[in-house]
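Hi everyone, thanks for making time. I'd like to walk you through a structure that's probably new to most of you, so let's get it up on the screen.

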Amino acid sequence: MRLNWMTGSPALLLTAGLVLSACGGGAVEPPAQDVSAIGTVEAEVNSPIYDRARAYAAAHPTRDGGTWNQWCGSLMFRFGELPASSARPTAIEAYRASRIVSTNASTALIGAFHWWDIGSAGHVGADLNGGGGTVFMATYNLSQSWGNAIGVNSVAGYSAKTGARYLGWSMDYAGGRIAGGGGSPGGLPQTTTEFDGIPGEIYYKRIQTVGQRDFGYTGPIDGVTGPVTEKVRVRITARELNNRGTPRTSAQEDGIPGSIYWTRVQTVGRSFGYTGPIDGIPGPATYTAEHRICGYAVNRAF
């Protein structure tokens, strides 16, 4: 497998001496698009990242005048406007430098990177709408072609067509992220918990979505709380508290609320209608303030 240059600005990265990623599979894939056994992209509400990908493909149907085939990592780097620090020679090396969130493609967030083990260099694509149904990639194995080996397929479709082993998804590409990524499939409305302190399904879905992105949550995005979701909720709330001053609570790391956490909830809670004592002892009014603070945080997380 050749190692070549991929660039957002060819002269800049060539000068910097960065060798960037090609992707795996055979050295040359068949140029004729064979849509048999390729998954279809289901109709869905398209995200802004989807719209950006369509615009990018329209502006760059070829890679520097040639095919995008075998340049999956290059497409991710250029389209995602990723930092130079995320550059890797191959997709599989970028995979090894990324944090895999889950091997369940259906839970992937908008802007996630999907990874496959194929050939010597691997393969990667960007999820445009979340859920693994519309993945932007450089290959001839597409369900919708938007140029010369550039377009979309589903995770299942690409896997079935190529026999590649799916490795999972991450929000980062060797530390780099697509701007605006992190939303859940189909999008989520804002939670009213920020204003009334009453937790509900949307509130918990937003907590689970942020938890999946930022705190290692691997459960479903179903809006049903439980011990793991509750721990994530505390961590999100604690992060918001820590962002607003001191003393710092360790609940951001361990999800365990203590006296400092509750004192900070009550103190910050003054901005959310809390009028009780600042004593570090939780009660109904403190819990309401806690939910409002968390609701504020998750409404601004994506």
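Okay, let's start with a pair of helices: α8 and α11 are roughly perpendicular to each other. The angle between them is about 80 degrees, and their axes sit 9 Å apart. It counts as roughly perpendicular because that label covers 65 to 115 degrees. And before I go on, please keep in mind that this is a predicted model.

So which residues of α8 and α11 meet? On the α8 side you have R233, V234, I236, T237, E240 and L241. On the α11 side look for E290, H291, I293, C294, Y296, A297 and V298. Sorted by class, that contact has 8 nonpolar, 2 polar and 3 charged residues.

While we're on α11, which spans residues 284-299, have a look at T286 in that helix. Is T286 buried or exposed? It's buried, with a relative accessible area of 3%, and that's because anything under 20% gets that label. If you ignore the neighbours within four places in sequence, T286 touches W262, V265, Q266, Y274 and I281.

Back to α8 for a second, or rather to what comes after: the loop between α8 and α9 holds P247. The peptide bond leading into P247 from T246 is cis, with omega near 0 degrees.

Now a second helix pair, α2 and α3. Helix α2 covers residues 48-59 and α3 covers 72-79, and their axes come within 11 Å, crossing at roughly 115 degrees. That makes these two roughly perpendicular as well. The crossing is right-handed. Who makes the contact? From α2 it's I49, R52, A53 and Y56, and from α3 it's L75, R78 and F79. By class that's 5 nonpolar residues, 2 charged ones and no polar ones.

How many residues of α3 are buried? It's 8 of its 8, so you can call this helix mostly covered. Among them are C72, M76 and F77. Just after α3 comes E81, where phi is positive, near 50 degrees.

There are a couple of other backbone spots with positive phi. D64, in the loop between α2 and α3, has a phi of about 50 degrees even though it isn't a glycine. D64 is exposed, with a relative accessible area of 56%. Then there's A149, in the loop between β5 and β6, also not a glycine, with phi near 65 degrees. A149, though, is buried, at a relative accessible area of 3%.

One more residue before the overview: K161, in helix α5, residues 155-162. K161 is partly exposed, with a relative accessible area of 26%. Its C-alpha atom is 9.2 Å from that of L142, and the two residues are 19 apart along the chain.

Finally, let's zoom out. The chain has 11 helices and 7 strands. It runs to 302 residues, and 52% of them count as buried. What about the surface? About 12400 Å² is exposed, with carbon and sulfur atoms supplying 56% of that. And if you take contacts between residues at least 6 apart in sequence, 64% join residues at least 24 apart.

That's my tour, and I'm happy to rotate the view if anyone wants another look.

Terms used:
Residues numbered from 1 in each chain as written. Predicted model: local features only at pLDDT ≥ 70, side-chain atom pairs only at ≥ 80, totals over all residues. Heavy atoms only, no water. Helix = DSSP H or I, 4+ residues; strand = E, 2+ residues; numbered from the N terminus. Buried < 20%, exposed > 50% of the residue type's maximum accessible area, 1.4 Å probe, protein only. Contact = heavy atoms within 4.5 Å. Axes fitted to C-alpha atoms, helices over the stretch in contact; angles between N-to-C directions. Parallel < 35°, antiparallel > 145°, perpendicular 65-115°, else oblique. Left-handed = near helix turned anticlockwise from the far one by under 90°. Nonpolar A, V, L, I, M, F, W, Y, C, P; charged D, E, K, R; others polar. Areas by Shrake-Rupley, 256 points an atom, 1.4 Å probe, with all protein chains shown as cover.
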